[in-house]
Amino acid sequence: MKFVKAESYEKLSRMAAGIIAAQVILKPDCVLGLATGSSPLGTYANLASACKAGDVDFSAVKSVNLDEYVGLSGEDDQSYRYFMDTNLFSKINIDRANTYVPGGCSDDMEAEGKAYDELIDSLGGIDLQLLGIGLDGHIGFNEPDDIFVGKTHVVELDKSTIEANARFFESIDDVPRSAITMGMGAIMKAKKVLLIANGKNKEDILNQAFYGPITPRVPASILQLHPDVTVIYSEN
């Protein structure tokens, strides 16, 4: 496990983008596991700039996203499909047909989860998984629980997660109460994991996750068992 403390969010973002770009250059047809939220926005902006400059080519890359809100279609401007299209996919030369996000509007969410896991397996697994971390230790939307859930599944969002995501909606009442999320199985099978965290308020949960006991009450703590994890952290 490698920890890097960046001097600023801008440097964190450049470093993370550099690691992802290196993965694409080394394996042009790699599978990237991607995350949403505020933490990766700078990383995605740097990747877009690198692509525009001709420094990295995403044309053969495939991507799988961690999660999606239940009940939101990809056209909804609060959906994670929309987020990815707006903040990354529309700005790089990736084939949109090779970008995958769990479906939040399926009539059978259990079947949707099974199909998503089968999709990831059919792609050969994830070469590099980008993660953020919630204040409660969640990765993807794997919330604190009594067990680590291996498969892609629907989860009821914790109050702290709903409150943290309310800034993206007009009202906290508009935040979906459930999401479909990649489980720990696909995350832990990723060849490399890159976790980014920004802000002084993330310091405590990082300490719990990587220096405390491995427990599903702190979902990110399972990453202590992964053979290739890089954590980049900035206080500001």
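User: What makes the meeting of the R217 and D146 side chains a salt bridge?

Analyst: The term asks for a side-chain nitrogen of Lys or Arg within 4 Å of a carboxyl oxygen of Asp or Glu. Here the N to O distance is 3.4 Å, so the pair fits that cut-off. Bear in mind that this is a predicted model, where local features need pLDDT of at least 70 and side-chain atom pairs count only at pLDDT 80 or more, while totals for chains, interfaces and linings use all residues. Residues are numbered from 1 along each chain as its sequence is written, and side-chain values use heavy atoms, with hydrogens and water left out.

User: Why can we say that R217 and D146 tie together separate parts of the sequence?

Analyst: R217 sits in the loop between α7 and β10 (229–234), and D146 in the loop between β6 and β7, so the parts they tie together are 71 residues apart in sequence. The element names come from DSSP runs, numbered from the N terminus: helices are H or I with at least four residues, strands are E with at least two.

User: How do you know whether R217 and D146 are buried or exposed?

Analyst: Under 20% relative accessible area is buried, over 50% is exposed, and in between is partly exposed (1.4 Å probe, protein chains only). R217 has 45%, so it is partly exposed. D146 comes out at 64%, so it counts as exposed.

User: What else shows up as a salt bridge, and how many are there?

Analyst: The count comes to 11 salt bridges. One of them joins K191 and D127, at 3.4 Å from N to O. That pair links distant parts of the chain, 64 residues apart: K191 is in the loop between α6 (184–189) and β9, and D127 in the loop between α4 (109–122) and β6. K191 is partly exposed at 45%, whereas D127 is buried at 4%. Then there's R96 with D85, whose closest N and O atoms are 2.8 Å apart. R96 lies in the loop between α3 and β5 (99–100) and D85 in helix α3, so this pair spans 11 residues of sequence. At 48%, R96 counts as partly exposed, while D85 at 16% counts as buried. Salt bridges also link K5, K200, E203 and E235 into a network.

User: Why is the ring pair of Y69 and F141 called tilted?

Analyst: Rings of Phe, Tyr and Trp (its six-membered ring) pair if their centres lie within 6.5 Å; planes under 30 degrees apart are stacked, over 60 edge-to-face, and the rest tilted. With centres 5.8 Å apart and planes at 40°, Y69 and F141 make a tilted pair. They sit 72 residues apart, Y69 in strand β4 (residues 67–69) and F141 in the loop between β6 (128–131) and β7 (153–156). Both values fall under the buried cut-off: Y69 has 1% and F141 has 3%. The structure holds six aromatic pairs, and ring pairs link Y69, Y80, F141 and F169 into a cluster.

User: What makes M1, F3 and Y211 a nonpolar patch?

Analyst: Patch residues have over 30% relative accessible area and no salt bridge; nonpolar side chains (Val, Leu, Ile, Met, Phe, Trp, Tyr) are joined within 5 Å, like charges within 9 Å. Together M1, F3 and Y211 have about 350 Å² of accessible area, computed by the Shrake-Rupley method with a 1.4 Å probe, where only the protein chains shown count as cover. Take Y211 in helix α7 (residues 203–211): at 60% it counts as exposed.

User: Which residues have the most contacts inside the largest nonpolar core?

Analyst: They are L32, Y44, L47, F58, L88 and L194, in a core of 41 residues. A core is a set of buried Ala, Val, Leu, Ile, Met, Phe, Trp, Tyr and Cys residues joined through side-chain atoms within 4.5 Å. Helix α1 gives the most to this core, with seven residues.

User: How do the side chains along β7 alternate?

Analyst: H153 and V155 point to one face and are buried, while V154 and E156 point to the other and are not. Strands pair if DSSP finds at least two bridges between them. Four bridges join β7 to the antiparallel strand β8 (residues 178–181), so the two meet that rule. V155 has A179 as its bridge partner in β8.
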